[in-house]
Amino acid sequence: MTPSARLDATFAALADPTRRAILARLATGEASVAELVRPFDMSQPAISKHLKVLEGAGLISRSRDAQRRPCRLSARPLADANEWLERYRRFWEASFDRLDDVLEEMKAEDRARKAKARRRAKGARP
């Protein structure tokens, strides 16, 4: 899978609130499918479909432990998504910093203009 396709799969998997809740649960430690089903008003097959999407995106991995198939969080795709988002955060932060500078400049010019007008008004009085 290309880096772009992996990123697409990550964001597509994260688009669903149930899958985000599953990831939040797995962030506390591995869990079986039965454990992941409990907090949801869904069937085990429905949760399994969500797990397949998460696994396909590389966000979780599953192993076999006798009858149990524990799921665990895989951090790399989330780290890749964070790196992608971080570039845009830096861009917007720099843009807002430049906007702050322009606004401060405009305020200073406005204050200077008002002070000059007050000095003129005081000088024009009899």
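Partly exposed residues are those with a relative accessible area between the buried class, under 20%, and the exposed class, over 50%. In this predicted model, Glu 83 falls in that intermediate class because its relative accessible area is 45%.

**Overall form**

The secondary structure of the protein chain consists of five helices and two strands. Read from the N terminus, the elements follow the order α-α-α-α-β-β-α. The radius of gyration is 27 Å, well over the 14 Å that the globule rule gives for 126 residues, so the protein chain is more spread out than a compact globule. The C-alpha trace spans about 100 × 35 × 20 Å along its principal axes. Of the 126 residues in the protein chain, 25% are buried.

Two pairs of residues illustrate distances within the chain. Arg 120 and Ala 46 are 74 residues apart along the chain, and their C-alpha atoms are separated by 77 Å. Gly 58 and Glu 35 are 23 residues apart in sequence, with a C-alpha to C-alpha distance of 20 Å. Gly 58 itself belongs to the loop between helix 4 (44-56) and strand 1 (60-62). With a relative accessibility of 27%, Gly 58 counts as partly exposed.

**Salt bridges**

Side chains of opposite charge can pair when their charged atoms come close. The count for this model comes to 10 salt bridges. Three of them are listed below, each with the separation of the closest N and O atoms.

| Residue | Partner | Closest N and O atoms |
|---|---|---|
| Arg 76 | Glu 83 | 3.1 Å |
| Arg 89 | Glu 86 | 2.4 Å |
| Glu 86 | Arg 90 | 3.8 Å |

Each pair is counted because its nitrogen and carboxyl oxygen lie within 4 Å. For Glu 86 and Arg 90, the value to set against that cut-off is 3.8 Å.

Glu 86 takes part in two of the listed contacts, one with Arg 89 and one with Arg 90. Arg 89 and Glu 86 both lie in helix 5 (residues 76-123), where three residues, about one turn of the helix, set them apart. Glu 86 and Arg 90 are likewise placed in helix 5, four residues apart, again about one turn. Salt bridges that share partners join Glu 86, Arg 89, Arg 90 and Glu 93 into one network.

How accessible are the members of this network? Glu 86 counts as partly exposed, at 23% relative accessibility. Arg 89 is partly exposed as well, with a relative accessible area of 39%. Arg 90 is also partly exposed, at 45% relative accessibility.

**Surface patches**

Helix 5 also carries residues that belong to patches on the surface, among them Trp 92, Glu 105 and Arg 120.

The nonpolar patch is formed by Trp 84, Leu 85, Tyr 88, Phe 91, Trp 92, Phe 96, Leu 99, Val 102, Leu 103 and Met 106, which together have about 980 Å² of accessible area. Trp 92, one of these residues, counts as partly exposed because its relative accessibility is 48%.

A patch of negative charge on the surface gathers Asp 97, Asp 100, Asp 101, Glu 105 and Glu 109. Within this group, Glu 105 is exposed, with a relative accessible area of 52%.

A patch of positive charge on the surface brings together Lys 116, Arg 118, Arg 119, Arg 120 and Lys 122. Arg 120 counts as exposed, at 55% relative accessibility.

**Summary of the charged and nonpolar features**

Helix 5 (residues 76-123) holds the pair Arg 89 and Glu 86, as well as the pair Glu 86 and Arg 90. Trp 92 of the nonpolar patch lies in helix 5, and Glu 105 of the negative patch is found in that helix too. Arg 120, a member of the positive patch, has its place in helix 5.

Notes. Residues numbered from 1 in each chain as written. Predicted model: local features only at pLDDT ≥ 70, side-chain atom pairs only at ≥ 80, totals over all residues. Heavy atoms only, no water. Salt bridge = Lys/Arg side-chain N within 4 Å of Asp/Glu carboxyl O. Buried < 20%, exposed > 50% of the residue type's maximum accessible area, 1.4 Å probe, protein only. Patch = residues over 30% accessible without salt bridge, like charges linked within 9 Å, V, L, I, M, F, W, Y side chains within 5 Å. Areas by Shrake-Rupley, 256 points an atom, 1.4 Å probe, with all protein chains shown as cover. Lys, Arg positive; Asp, Glu negative; His and termini not counted. Charge placed at Lys NZ, Arg CZ, Asp CG, Glu CD. Rg over C-alpha atoms; globule rule 2.2 N^0.38 Å.
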